[in-house]
Amino acid sequence: MLVAAFRGWNDGAQAASLAAGYLAKLWGAEQIADVDPEGFFDFQATRPHVSLVDGITRRIDWPETAFYHARPRRLDRDVVLLLGIEPNVRWRAFTELVVGHAQELGVELVVTLGALLADVPHTRPVRVTGATTDPELMASLHLQRSRYEGPTGIVGVLHDTARATGVASASLWAPVPHYVSTPPNPLATRALLDRLAQLLGTAFELGDLDELSQAWQTRVDEVVSQDDDVRSYVGQLEERYDTEAETDVPSGEGLADEVEQFLRDRGDD
């Protein structure tokens, strides 16, 4: 499987990219390849950074899109992680390069992580949604058919390229409160990891994220309590959240077995 996340338009409060980075650290993933940024970035829009090594030597850090290989102990398959920044130009060439390399590595399923700013309260559980354009995958993994119309980011183009080349793909999205969009948002990051764990049929050690989430919510509660207008607005969001019908995907029980069966069926084809 390939799990991908990109900083930028698809990454509200950096919840998605932090989730992928968390997995890379948790699994001790090793970098196996990167994409040359020269052909995909406008360096006036996405500027490289200069840093000092040992306080003396100047080093230029270029926008990086890197593949990492992991062998999670609790899984019976390898995972490739793709961490990067949404490129500025040549998206079709970029996604063809990514999907082509994924195919060379034997990837059978692409899962992207995304986060979007939304009218949701910070005081309620994060409802992660899953979507796909693959009818078989939708039925097997209990995902929703993607019905979105409008501007898209690199995640949308990556899914379209995967579909065109016959690689199954799915996306997981976490909404983050638009009134507190400054990163990080550990609640949304944890929700994405929980949902991904359901798909992979495993459990992640997220104790440090639990502590960060509690501290984050306490800080936001304090700020909201000091502004009557914001407090009233959050109350309206809570009321809407509580009265809306559940639209999230199922709990995930049995999803891991269905993932394996889906991949075996595609291999037979």
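## Rings, helices and buried spots

Me: Let's start with a charge and a ring: how far is R127 from the ring centre of Y241?
Reply: This is a predicted model, and in it R127 lies over the face of Y241. The distance from R127 to the ring centre is 3.8 Å.

Me: How much confidence does the predictor have in the chain on average?
Reply: Of the residues, 88% score a pLDDT of at least 70. Residues 246-259 are another story, with a pLDDT below 50, though that stretch still has 33 contacts in the model beyond near neighbours in sequence. For the protein chain, the average pLDDT is 87.

Me: OK, on to ring pairs. Is the pair F6 and F94 stacked or edge-to-face?
Reply: You describe a pair of aromatic rings by the distance of the centres and the angle of the planes. For F6 and F94, the centres are 6.1 Å apart and the planes are at 65°. Planes over 60 degrees apart count as edge-to-face, so the pair F6 and F94 is edge-to-face.

Me: How many residues apart are F6 and F94 along the chain?
Reply: F6 is in strand β1 (residues 2-7), while F94 is in helix α2 (residues 91-104). Both are buried, and together with F40 they form one aromatic cluster. The pair links distant parts of the chain, with F6 and F94 88 residues apart.

Me: What about W27 and F204: at what angle are their ring planes?
Reply: W27 is in the loop between α1 and β2, and F204 is in the loop between α5 and α6, 177 residues apart. Both W27 and F204 are buried. Their ring centres are 5.7 Å apart, and the pair is edge-to-face because the planes are at 70°.

Me: Why do the buried residues of α2 line one face of the helix?
Reply: The buried residues of α2 are F94, T95, V98, V99 and A102. They pack against β1, β5, β6 and α4, whereas R92, E96 and E104 are exposed on the face turned away. The buried ones line one face because, seen down the axis, they fall within an arc of 120°.

Me: And α6: what arc do its buried residues cover around the axis?
Reply: In α6, L209, S213, W216, V220 and V224 are buried. They sit on the same side of the helix, because their arc is only 70°.

Me: Which exposed residues are on the face of α6 turned away from its buried side?
Reply: The buried residues of α6 have cover that includes α1, α5 and α7. Turned away from that buried side is a face with exposed residues, and these are E211 and Q214.

Me: Is N185 buried or exposed?
Reply: N185 is found in the loop between β10 and α5. Leaving aside neighbours within four places in sequence, N185 is in contact with A13, A15, V176, P177 and W216. The relative accessibility of N185 is 2%, and the cut-off for this label is under 20%, so N185 counts as buried.

Me: Last one: how far apart are the C-alpha atoms of Y68 and L82?
Reply: Y68 is in strand β5 and is buried, with a relative accessible area of 17%. Beyond its neighbours within four places in sequence, Y68 has contacts that include V79, V80, L81 and L83. L82 is 14 residues from Y68 along the chain, yet their C-alpha atoms are separated by 6.4 Å.

Notes:
Residues numbered from 1 in each chain as written. Predicted model: local features only at pLDDT ≥ 70, side-chain atom pairs only at ≥ 80, totals over all residues. Heavy atoms only, no water. Buried < 20%, exposed > 50% of the residue type's maximum accessible area, 1.4 Å probe, protein only. Helix = DSSP H or I, 4+ residues; strand = E, 2+ residues; numbered from the N terminus. Arc of directions from axis to C-beta. Contact = heavy atoms within 4.5 Å. Phe/Tyr/Trp six-rings, centres within 6.5 Å; stacked < 30°, edge-to-face > 60°. Lys NZ or Arg CZ within 6 Å of the ring centre and 35° of its normal. pLDDT = per-residue confidence, 0-100.
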